[in-house]
Amino acid sequence: MSYPYVILKSGRERSVLRRHPWIFSGAVARVEGQPANGEVVEVRDAGGGWLARGYINRHSQITVRILTWDPDEGIDRAFWRRRLEQAVASRATLSRDPGTTAYRLVHAESDGLPGLVADRYGECVVVQFLTLGLERWREEILDGLADLLAPQTIFERSDVEVREKEGLPPRVGRLRGEEPPQRLEILEHGHRFWVEVQTGQKTGFYLDQRENRARLPAFCAEAEMLDGFSYTGAFGVYAACGGAARVTFVETSGPALGVARQNLALNGQRPEEHEFVEGNAFQVLRGFRAEGRTFDLIVLDPPKFAPTARDVRRAARGYKDINLLAFQLLRPGGILFSTSCSGAISADLFQKILFGAALDAGREAQIIGYLHQGSDHPVALTFPEGTYLKGLICRVW
Ligand code: SAH
C-alpha cells in the first residue's frame, strides 16, 4: 500500500525519529500526491527516506499525527482493532475491580490512537473524535469498541473546542446500541455517582481524579471540608463517606450542585448536614475569609485556566489567587489538595505558584503528597504533552 507523502525540512526528522507523534506545519517542506485533509500519508525526511505513517490535516497547526513508525504496518481496519485491543487490555486490572465501573479506555496519543478518547461508564462507552483524520475511521473504531466491549450503548460527545482547529463542527449523539439513560449510575472505589453522559461536562465525569480522590479519606475524620470547584461533588462525597463532619461544596453550576446533593444521598449521606454554595469560588472564598471562616481540609480542582501556552501568565495568577485564599482559610495543621489540569502549567511551575501563594498568605506549608492523572490516562514517554493533571497535597501551619 502506498500513500501520498509529506517531505520534511532538513533536520525536522529528529522529533519523528524520537517517536514524537506530532508534525507541525513549520516542519513540512512539501506534500506530494495531493492527499485530501484527513487522509493517510507517508512521512519522509528531506532525502526521501521513509520515517513514519500518519494522517494529514493542513487545516491544523499539527499537520500530521503519526500512527505508526513500522513501514510494514498498514492503516486499515485491523490496525485500529489492534490498537484498541491494546488499550483495552492495559485497563484489564481496572475492568476487574468490582468497585469501579468508570474509567478511561483510550487516552489518545498516549495509547497510540491520536485524536481518540473513549471513556467507559459501565455499560455505556462515550467517545470523542477530536481530529479529521480520525473521523474517516469512525466505523472501524466503533466496530472495534463494540466488538471488544459489547457495551449497551456507544455515545458521542465530540462537543469540544479542539475540533474547531481541525475544521470540524461539534457532534453529539447516540452511535451504537440503545439511547443512554439521561443519567446512569457508576461506581468509583465503591462510591456511587450519577453521571449524565449526554449533558454533563467532558464525557460526564472527571475520571482523571479517581486515584487522587482515593487519597482523600486519610485526611477526613471529623473534618470541616471545602470542596472548591466541586462539579457533582465527587471529592466531597468521598470526604463525607470518609468521616468528614461537614462538606461545603462551591460550584458555579447550579445543576451540578443539584447532582452533588443527590450523590451524597446515593451514598447514604444526609445532604442537609452539608452546605451547597452556588457561585464563583474566588468570590465565595473571599467572602468566607471576610467572615473569619476556617476549614480543616480544602480541595481545589479548578477548570483549565491555561488552555494554551499563551495563557500561562494569566492562569498562574488565577491559581495563585485561589490557592492564596485556601491557605488563608485553613486551620493550623489543615490539608490542602490543590490541582491544575492545564497542560501548559508544569508540575514544577505549579509548585512554585503554591510556594508564592503560601508565602503571601504568611503560612508555612509542607508537601506531603503529589497528585496526578490516573493510570487510565497514561502519558507515553515519547509524548510529554500527555501530562496535564498535576497537584500537591500540602499540610499547612
Ligand atoms: N472536582 C470535580 C471536577 C471539577 S471541574 C470532580 O471531581 O468531579 C471544575 C468545575 O469548576 C466545573 O464543574 C465548573 O463548572 C466549575 N467552575 C468553573 N469556574 C468556576 C468558578 N469561578 N467558581 C466555581 N466553580 C467554577
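1. Domain bounds here come from an automatic or database domain assignment. The model itself is predicted. For the protein chain, that assignment gives three entries: domain 1 (5-68), domain 2 (77-184) and domain 3 (206-396). The C-alpha centres of domain 1 and domain 3 are 40 Å apart.

2. Start with E156. This residue sits in strand β10, which covers residues 153-158. Its relative accessible area is 1%. The cut-off for buried is under 20%, so E156 counts as buried. The side chain has a polar partner: a contact of 2.5 Å joins E156 to the side chain of R138.

3. The surroundings of E156 are worth a look in the viewer. Neighbours within four places in sequence are left aside here. E156 is then in contact with V127, F129, E135, R138, R163, R171, V172, G173 and L175. R138 thus appears both in this contact list and as the polar partner.

4. Next, the sheet. It is open and has 7 strands, in the order β16-β15-β14-β17-β18-β20-β19. The pairing is mixed. β16 (275-278) and β19 (365-372) stand at the edges. Each has a single partner strand, so one side of each lacks a neighbour in the sheet. On average, neighbouring strands are turned by 15° against each other, direction ignored.

5. Look closer at β17 and β18. They run parallel and are joined by 5 bridges. F295 has L330 as its bridge partner in β18.

6. Helices lie against these strands. α12 packs on the sheet and touches β18, β19 and β20. The direction of α12 makes about 30° with that of β20. Helix α9 (residues 254-266) lies across β15 (246-251) and β16. Relative to β16, α9 runs at about 170°.

7. Now the largest nonpolar core. It holds 36 residues, and I298 and L336 touch the most other members. Elements giving two or more residues to this core are α10 (281-291), β17 (295-300), α11 (312-329), β18 (330-340), α12 (347-361) and β20 (390-396). α11 gives the most, with 10 residues.

8. Which residues is I298 in contact with, leaving aside its neighbours within four places in sequence? They are L226, A326, L329, L330, I335, L336 and F337. L336, named with I298 for touching the most other core members, is among these contacts. So is L330, the bridge partner of F295.

9. There is also a second, separate core. It has 34 residues, including I186, V197, Y238 and F249.

Definitions and conventions: Residues are numbered from 1 along each chain as its sequence is written. This is a predicted model: local features need pLDDT of at least 70, side-chain atom pairs count only at pLDDT 80 or more; totals for chains, interfaces and linings use all residues. Side-chain values use heavy atoms; hydrogens and water are left out. Helices (H or I, at least four residues) and strands (E, at least two) are DSSP runs, numbered from the N terminus. Buried means under 20% relative accessible area, exposed over 50%, partly exposed in between (1.4 Å probe, protein chains only). A polar contact is a pair of N or O atoms within 3.5 Å; within protein, one must be able to donate a hydrogen and the other to accept it, and residues adjacent in sequence count only if both atoms are side-chain atoms. Contact means heavy atoms within 4.5 Å. A nonpolar core is a set of buried Ala, Val, Leu, Ile, Met, Phe, Trp, Tyr and Cys residues joined through side-chain atoms within 4.5 Å. Two strands pair if DSSP finds at least two bridges between them. Axes are lines fitted to C-alpha atoms, for helices over the stretch in contact, and angles run from 0 to 180 degrees between N-to-C directions.
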